[in-house]
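Visitor: Could you walk me through this model and tell me how its labels are earned?
Guide: Gladly; let us look together.
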Amino acid sequence: MDQRRPLIAGNWKMNGLLADGVALAEGLAELSRQHDGLPPDAAAEVPPDVPLALPCDVLVCPPFTLIDRIVQAVAGTKIAVGGQDCHEKVSGAHTGDVAAEMLKDLGCRYVIVGHSERRADHLETDHAVRVKAEAALRAGLVAIICVGETEAERDAGQTEAVVARQIAGSVPPVATPATVVVAYEPVWAIGTGKTATPEEAQAVHARIRKELDALLGSAAASGMRILYGGSVKPGNAAELLGQPDIDGALVGGASLKVEDFWAIAAAAK
Ligand code: PEP
């Protein structure tokens, strides 16, 4: 589908002290400026009609502690910044949590919700993920909603049933291609070096799009971006991104190296 511009999103997870994060973001910003033909020291806002030379949108999701500085480091480029999670409420007595509105206030445009590490470590249910996605929409952020089966579920032949259930339970019924991105991340492939084959990933993405069609209607489903995540690297990105229903990548480990992340972005069609 021509209208689905690929999105390459870096999930830095709980990595990076201030100097590391700023160096990484400045490295990406420098490459972005070169590709846009902008002067290296361009500080001004990029006019909206200047396309990012890469054939995709590029996003970095640093830890909360770095977001403010990373937004500054990529200013003047088209690299977007996002959070890795948000709370469902606008404000209040929720110690340690961060509201979607707070992320928006810092300059974020996206937030990841329902990453499998949050589903596992913080016992987040599909319902909890959906209300976080709704909070993102309320704040004017794009929600990247993650789904994916565990190795045991895969071995039991339940992959499609699991992702179908997660889509039905986690995606708000008001989602549109402008407000929601889905990320399919098989849990057994995250940080393991194992990757779904392009054909396996394509089959699950097609099934996800079918579920989105049932939930949101065909126009929304055909326009919604579905990212693949799970040990995406420069060496396997082009083949994965070449599949018809794979509209980008959510990248963990390889997003921590400027050259690797940029090579993955450059592989997007
Ligand atoms: C992720 O955490 O979303 C991820 C896909 O990690 P990795 O690329 O390291 O497998």
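Visitor: Which residues are closest to the ligand, and how many surround it?
Guide: The ligand is surrounded by 14 residues, and the closest are K13, E185, G191, S231 and G252. A residue counts as near if one of its heavy atoms lies within 4 Å of the molecule. This is a predicted model, where local features need pLDDT of at least 70, side-chain atom pairs count only at pLDDT 80 or more, and totals for chains, interfaces and linings use all residues. Residues are numbered from 1 along each chain as its sequence is written, and side-chain values use heavy atoms, leaving out hydrogens and water.

Visitor: What makes the pair of G191 and the ligand a polar contact?
Guide: A polar contact is a pair of N or O atoms within 3.5 Å. A polar backbone atom of G191 is 2.7 Å from an oxygen atom of the ligand, so the pair qualifies. For S231, a polar backbone atom is also 2.7 Å from a ligand oxygen, and for G252 a backbone N or O atom is 2.8 Å from one.

Visitor: How much of the ligand does the protein bury?
Guide: The protein buries 97% of the 300 Å² that the ligand exposes when taken alone; such areas come from the Shrake-Rupley method with a 1.4 Å probe.

Visitor: What describes the packing of helices α7 and α8?
Guide: Helix α7 (residues 159-170) and helix α8 (residues 198-216) pack at an angle of about 35 degrees, with axes 9 Å apart. Axes are lines fitted to C-alpha atoms over the stretch in contact, and angles run from 0 to 180 degrees between N-to-C directions. Helices are DSSP runs (H or I, at least four residues).

Key. Helix = DSSP H or I, 4+ residues; strand = E, 2+ residues; numbered from the N terminus. Polar contact = N/O pair within 3.5 Å; in protein donor to acceptor, adjacent residues only side chain to side chain.
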